[in-house]
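Dear colleague,

Please find below the structure that I am handing over to you, together with its sequence. My findings follow directly after it.

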Amino acid sequence: MKSSTVPVEPRPPRPAETLTDEQLAAYRETGYLQLDSFVSIEWLDELRAASAEFVERSRTLTASDRVLDVEPDHTAEAPRLRRLVSPLDHHETFFRFTIEGPPAQLAMQLLGGPVRFHHSKLNYKWSDGGEEVKWHQDIQFWPHTDFTPLTIGVYLSDVDDEMGPMGVLPGSHVGPLHDLYDVDGNWAGAMNEQDVADIDFDQMVWLEGPAGSVTVHNCCMVHGSLPNRSPRARPLLLQTYSAIDSYPVAGIGANGVTGRHGGRIVGGAASQMLEIAGRTMHGAPDWSRKGGPPTIFGSQQKDGEHKDGEQKDG
Ligand SMILES: O=C(O)CCC(=O)C(=O)O
């Protein structure tokens with residue numbers, strides 16, 4: 001057998017490194033973390049290969065669809081992607097990375113146990129003018145019953161200051177929650193001019209780093225990024241998790257449209273305990289996926305559990 005035909009054993013990805021107590025404390029205090037070269041080259045190879053498949057797929061598009069958001073001047077010959085929506089719904093590599101890989105492990109460390117996945121996206125910020133992300137906080141887009149949600153980003157390429165790295169304002173996660181509607185009352189998804197004028201940009205931290213570097217920001221962090229002025233794309237894979245006992249509030253923003261795996265528990269099982277306005281309760285099981293008793297009668301009579309007079313209590 002020629003050596004070129006010998007199957008190559010895949011290299012197992014390295015487990016994510018453990019955060020130190022100092023790093024955990026820094027996240028709590030400042031609302032963000034930056035971890036240089038945190039993701040292994042093995043994972044990066046897989047993620048880049050998966051991403052390249054979507055760049056190829058985008059060549060058949062003349063406008064954005066539900067999976068790929070492309071810039072207006074996108075063409076088959078010169079693709080210009082803005083975003084891959086919910087990558088883990090469309091590729092096994094992204095699923096494994098987000099649900100089992102380094103970001104999931106990191107989220108569990110930061111949140112102190114099993115976590116609830118919310119959503120993910122791959123922001124491409126294409127070369128030579130890839131668009132800015134205006135200053136905003138995330139929590140208004142998808143309010144939860146607490147402020148534990150955090151987003152973990154992974155740069156798939158080296159990112160320098162020309163490329164529109166993400167900027168975060170340390171400490172702003174415990175500051176005011178800004179109104180992201182415009183003066184006419186329309187949803188803008190961005191802070192208004194007055195609030196932006198009040199930002200002390202000298203305090204802004206620009207999260208640059210080599211490929212595989214990780215960013216973490218709390219859901220209340222003021223953040224954004226400038227246009228990409230370089231000839232290189234800036235792919236940033238972002239995934240959001242909350243504490244297991246934090247729940248998205250239905251009926252507001254992106255909650256309910258976060259993809260097939262939104263609400264999935266990572267690393268444990270949900271107790272259905274939750275706290276709202278300082279009061280704790282043990283909520284009913286989640287019937288949204290598997291279905292459940294259709295009525296209170298079904299629950300109380302234990303339909304499907306006790307048949308032929310087996311029921312002994314209640
Ligand atoms: O891609 C970026 O630079 C920031 C992304 C972000 O804040 C968002 O998509 O909500």
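Which residues in α2 meet which residues in α3? Please bear in mind throughout that the model is a predicted one. On the α2 side, Trp43, Glu46, Leu47, Ala50, Ser51 and Phe54 take part, and they meet Thr93, Phe94, Arg96 and Phe97 in α3. By character, the residues of this contact comprise six nonpolar, two polar and two charged.

The geometry of this helix pair may also be of interest. Two packed helices are described by the angle between their axes and by the distance between those axes. Here, helix α2 spans residues 41-58 and helix α3 spans residues 92-100. Their axes are 9 Å apart, and the packing angle is about 135°. The two helices are therefore oblique to each other, since an angle counts as roughly antiparallel only when it is over 145 degrees and as roughly perpendicular from 65 to 115. The crossing in which α2 passes α3 is left-handed.

Backbone conformation

Most residues other than glycine have a negative phi. Two residues deserve attention in this respect. Ser86 is not a glycine, yet it has a positive phi of about 50°. Ser86 belongs to the loop between β3 (81-85) and α3. Its relative accessibility is 6%, so Ser86 counts as buried, the cut-off for buried being under 20%.

Ala277 likewise is a residue other than glycine with a positive phi, in this case near 50°. The loop that holds Ala277 runs between β13 (273-276) and β14 (279-282). Is Ala277 buried or exposed? With a relative accessibility of 78%, Ala277 counts as exposed, because the cut-off for exposed is over 50%.

Helix α5 and the domains

Glu193 lies in helix α5, which covers residues 193-197. Glu193 counts as exposed, because its relative accessibility is 73%. Along the chain, Glu193 and His217 are 24 residues apart, and 23 Å separates their C-alpha atoms.

Finally, the domain assignment of the protein chain gives domain 1 as 11-271 and domain 2 as 284-314. The C-alpha centres of domain 1 and domain 2 are 40 Å apart.

With kind regards

Terms used:
Residues numbered from 1 in each chain as written. Predicted model: local features only at pLDDT ≥ 70, side-chain atom pairs only at ≥ 80, totals over all residues. Heavy atoms only, no water. Axes fitted to C-alpha atoms, helices over the stretch in contact; angles between N-to-C directions. Helix = DSSP H or I, 4+ residues; strand = E, 2+ residues; numbered from the N terminus. Parallel < 35°, antiparallel > 145°, perpendicular 65-115°, else oblique. Left-handed = near helix turned anticlockwise from the far one by under 90°. Contact = heavy atoms within 4.5 Å. Nonpolar A, V, L, I, M, F, W, Y, C, P; charged D, E, K, R; others polar. Domains from an automatic or database assignment. Buried < 20%, exposed > 50% of the residue type's maximum accessible area, 1.4 Å probe, protein only.
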